[in-house]
Amino acid sequence: MSREQKFRAWNYQTGSFDYFGLKEGLTKLPLDFIDSEIQQYIGLKDKNGKEIYEGDLVNFSVNNTVELGDKDIMDYKNQDVHYSNEFCGFMFGVNGFTPLDKILMTSIEVVGNIFENES
């Protein structure tokens, strides 16, 4: 089973996203992406069924509980989703990365993106 290959491109001129699949993206000319930033769908959806892309801002909880210790759940807000070349995968903010096996998957919620929520 293969993962869906979906992308979006933030168009700086229009201030909006264009969504497309891999085949559609391959047929576009490089000129179609001038003044755009392309981001990939990471293959996961948030707790509301929304697809998660690179550049999204997410809230989530992390389970840091140790086997014989107290329950330790930490909440994180407005963390960016990005690809890490070092770890060869998508990571969620928090000091550069948070491994997916520590994230409570039912807690992930997309709350914005890096383009429309810039400070």
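Which residue in β8 is the bridge partner of Leu57? The partner is Gly112, and this pair is one place from which to read the strand arrangement of the model, which is a predicted one.

## Overall make-up

The protein chain contains 1 helix and 8 strands, and in sequence order these elements follow the pattern β-β-α-β-β-β-β-β-β. Of the 119 residues in the protein chain, 37% count as buried. The accessible surface of the chain comes to about 7900 Å², and carbon and sulfur atoms account for 49% of that area. When contacts between residues at least 6 apart in sequence are considered, 52% of them join residues at least 24 apart.

## Strand β5 and its two partners

Strand β5 spans residues 56-63 and is mostly covered, with 7 of its 8 residues buried. Strand β8, made of residues 109-113, pairs with β5 in the antiparallel sense over 4 bridges, and the bridge between Leu57 and Gly112 belongs to this part of the picture. Strand β6, residues 73-84, also pairs with β5 in the antiparallel sense, here over 6 bridges, and within that pairing Val62 of β5 stands opposite Met74 of β6. For anyone following these strands on the structure above, a general point may help: in a regular strand the side chains alternate between the two faces of the sheet.

## The hairpin of β1 and β2

Strand β1 (residues 6-11) and strand β2 (residues 16-21) pair in the antiparallel sense over 6 bridges, and Trp10 stands opposite Phe17 of β2. The two strands form a hairpin with 4 residues between them, and in its turn Gly15 has a positive phi of about 65°.

## Positive phi outside glycine

Most residues other than glycine have a negative phi. Against that background, two residues deserve a separate look. Asp35, although it is not a glycine, has a positive phi of about 65°; this residue lies in the loop between α1 (22-27) and β3, and with a relative accessible area of 34% Asp35 is partly exposed. Asn78 also has a positive phi, near 50°, but its place is in strand β6, the strand that pairs with β5.

## Ile42 in strand β3

Strand β3 covers residues 36-45 and includes Ile42. Is Ile42 buried or exposed? Its relative accessible area is 9%, and because a residue under 20% is classed as buried, Ile42 falls into the buried class. The C-alpha atom of Ile42 is separated by 8.6 Å from that of Gln5, a residue 37 positions away along the chain.

## Salt bridges

How many salt bridges does a search of the whole structure find? The search finds 3, and they are set out below with the separation of their nitrogen and oxygen atoms.

| Basic residue | Acidic residue | N to O distance |
|---|---|---|
| Lys6 | Glu51 | 2.4 Å |
| Arg8 | Asp56 | 2.8 Å |
| Lys47 | Glu109 | 4.0 Å |

The side chains of Lys6 and Glu51 meet in a salt bridge at 2.4 Å, N to O. This pair links distant parts of the chain, with Lys6 in strand β1 and Glu51 in strand β4 (residues 51-53), 45 residues apart. Both partners count as partly exposed, Lys6 at 23% relative accessibility and Glu51 at 21%.

Arg8 forms a salt bridge with Asp56, the closest N and O atoms being 2.8 Å apart. Because Arg8 lies in strand β1 and Asp56 in strand β5, this pair ties together parts that are 48 residues apart in sequence. Arg8 is buried, and Asp56 is buried as well.

Between Lys47 and Glu109 the closest N and O atoms of the salt bridge are 4.0 Å apart. This pair, too, links distant parts of the chain, Lys47 being in the loop between β3 and β4 and Glu109 in strand β8, 62 residues apart. Lys47 is partly exposed at 48% relative accessibility, and Glu109 is partly exposed at 25%.

Key: Residues numbered from 1 in each chain as written. Predicted model: local features only at pLDDT ≥ 70, side-chain atom pairs only at ≥ 80, totals over all residues. Heavy atoms only, no water. Buried < 20%, exposed > 50% of the residue type's maximum accessible area, 1.4 Å probe, protein only. Contact = heavy atoms within 4.5 Å. Areas by Shrake-Rupley, 256 points an atom, 1.4 Å probe, with all protein chains shown as cover. Pairing = 2+ DSSP bridges.
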